Amino acid sequence: MAQHSSKGARFQAVTANRLNDGEVVYFKDNSWIENFAEAEIADGQEAAEALLTRASPDNMEAFILDPYLFEVSECQDGFTPVSVRENIRAKGPTVRTDLGKQAEAG
Amino acid sequence: MYRYDEFDHKIVTDRVSQFRGQVNRRISGELSEDAFKPLRLMNGVYLQLHAYMLRVAIPYGTVSSKQMRMLAHIARKYDRGYGHFTTRQNIQYNWPALDRIPDLLEELASEEMHAIQTSGNCIRNVTADQYAGAIADEIEDPRIISEIIRQWSTFHPEFSYLPRKFKIAVTGHENDRAAIKLHDIGIVIVRNDKGETGYEVHVGGGQGRSPFIAKKITNFVPAEKLLAYLEAVMRVYNMLGRRDNSYKARIKILVHETGETEMRRLVDEEFERIDASQMLSLPEAELDRISAYFAPPNYENLPAQSEAFEAAKGSNAEFNHWVKTNLVPHKTPGYGIVNISLKPIGGIPGDATDVQMDVIADLAERYALDEVRVTHEQNLVLPHVKLDEAKEVYDILCAHDLATPNIGLISDSIACPGLDYCNLANARSIPLAQEISTHFADLDKQYDIGELKIKISGCINACGHHHVGHIGILGVDKKGTEFYQISLGGSADEQASLGDITGQAFTEDKVVDAVDTIVETYLNLRQPEERFLDTYRRVGMSPFKEQLYAD
């Protein structure tokens, strides 16, 4: 599996998959949302670790699978995932733009 | 075709209810993910990038029309209207919700299908030649012994926790279409000097991080002793296979580290013990009982030549092209084997919609004695089509974008799901297959190039068989960006070989150019009648490398 953040990553967010349907979700304000654009962004390594800790309490494991940090970078409209992998997770398969989050976004 | 007996039914339906309980307990929080994950994997359920993925077994690649209709129904009801046929003759659904999978499996079971042996460190679904029972000069239908192996290996208690997964493939024909030398065990059905049928066994082939061509460890095992022999191989592997390092846990590493001679000795020693106990002799009556399921269907007595077929070829150039690439001679006069390409130009290799699956099911029922086959090259086959009716079949296939005349050509590539779907992938595979097939869309050009198998994997696990592609493409990740390594000269047939890496990897936008350069180099160098692979084997890497890295 690819590495999700580079060593000197400044901005990071937390993602996971939801237990009952596998949907890609992002952590925000102590809950989980489906849309990357609204994900909580941590600035700096310390904030990132704190974010991951908040996202991974023991009882979360019941319905959220394997939360992890991934690197994002600033762009015009906010933030965007750095890796191809996280871009694909945030949108859906590049070969089926009619499916996944990108389709629901219309 | 094989039909379930009461034991098969019970095994499969019991498994569904057991899994239903496990899913319920997981969703209620009673089971932790650590406890549940191995259980879901034993039922073919993976977690991928966007959703769960369910892999459904298609034992030795054979389905009936009713089963194909069920696969279409599952795609419609539980997924997003399509399925993906894989290099292991299985079908994968990319979007099922975990809480609905038990219902899905129950519906599958009603048509004698399941997801057992599609994941986990067990003996996986057995694969076989897709032309089984239909091709001339076959020694024996490989599905007979494949079904026996399926029954022996399903939930085999001794082999449920192997060091790693274990794949077996069988061919009954000297032309290997099942890539048997790239399997943990590859079986070739042979006939000895006395005219008896038996099995030649190859062990330790495989791809992934460390690819190996299997070593032949016996020339002949008689039918009644084959299970004893396989059990001996499995036992040696189970005892000595490495469990300390998952990268070194496949039998190919054991065979490589132990050496062919010692491996043979170990297996023979174990085999003698099992054989002496008589515990695993296959009774002739049982062999006959299973063989009867695969008895030739009721072919009509037809002349070898069909006037309607010849006339259609003469009057329709496109049909003629399709016949040339997609229709293979059948052993029975008046019949043909029809290959259905799941590689439309610019399409996703191996994907079929629910509507296409229904159409194929109807075609099988009406024109192909009720059978469909799945190939490891991610296409489908109607094994028994009357030449008289080939044009009707072709017309229906055309109407559903299923008649691309490209079997074995450059646009017929294998591609794993890659980073578009797969959690393990480093790079995307499908877009490359699409770009290459679009680039070489011109049929005349494809025919001129001739047989050329491109195989694309999105990571080193090699689900897209890149090691054995005439041109192999491997996706690698460099700091979150996709790069592609190209190899040449691989082959998965009876002359199996592993490809040689050309050199430095290419960025995504340079891959099609690189393939084009390789093809042009071949066209300039080839001698009359030489296929790409022949030319490569004659001239070697240098001329290709020179052109690829000229700047």
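Modeller: In this predicted model, two residues are in contact if their C-beta atoms, placed from the backbone, lie within 7 Å.

Colleague: Leaving aside neighbours within four places in sequence, which residues is I187(B) in contact with?

Modeller: I187(B) belongs to the largest nonpolar core. Neighbours within four places in sequence are left aside here. The contacts are then I145(B), I168(B), V170(B), I180(B), Y199(B) and V201(B).

Colleague: Which helix gives the largest share of the largest nonpolar core?

Modeller: This core has 142 residues, and I187(B), V233(B), I360(B) and L382(B) touch the most other members. The largest share is 10 residues, and the helix is α6 (residues 226-240) of chain B.

Colleague: How many residues are in the other core, with L49(B) among them?

Modeller: This core lies apart from the largest one. Its members include Y421(B), A427(B) and I454(B) as well as L49(B). The count is 46 residues.

Colleague: How far apart are the end C-alpha atoms of residues 415-548 of chain B?

Modeller: The unreviewed UniProt entry annotates "domain: Nitrite/sulphite reductase 4Fe-4S" over residues 119-272 and 415-548 of chain B. Residues 119-272 are 31% helix and 18% strand, with end C-alpha atoms 31 Å apart. Residues 415-548 are 37% helix and 19% strand, and their end C-alpha atoms are apart by 23 Å.

Colleague: Which helix of chain A gives the most to the side that touches chain B?

Modeller: The contact takes 25 residues from chain A and 29 residues from chain B. The chain A side divides into 12 nonpolar, 8 polar and 5 charged residues. The top contribution is 4 residues, from helix α2 (residues 84-91).

Conventions: Residues are numbered from 1 along each chain as its sequence is written. Chains are lettered from A and ligands numbered from 1 in the order in which they are written. This is a predicted model: local features need pLDDT of at least 70, side-chain atom pairs count only at pLDDT 80 or more; totals for chains, interfaces and linings use all residues. UniProt positions are given in the numbering used here, feature names are shortened, and annotations may be inferred rather than shown by experiment. Helices (H or I, at least four residues) and strands (E, at least two) are DSSP runs, numbered from the N terminus. A nonpolar core is a set of buried Ala, Val, Leu, Ile, Met, Phe, Trp, Tyr and Cys residues joined through C-beta atoms within 7 Å. A residue is buried if 20 or more other C-beta atoms lie within 10 Å of its own, exposed if 12 or fewer, and partly exposed in between; C-beta atoms are placed from the backbone. Ala, Val, Leu, Ile, Met, Phe, Trp, Tyr, Cys and Pro count as nonpolar, Asp, Glu, Lys and Arg as charged, and the others, Gly among them, as polar.
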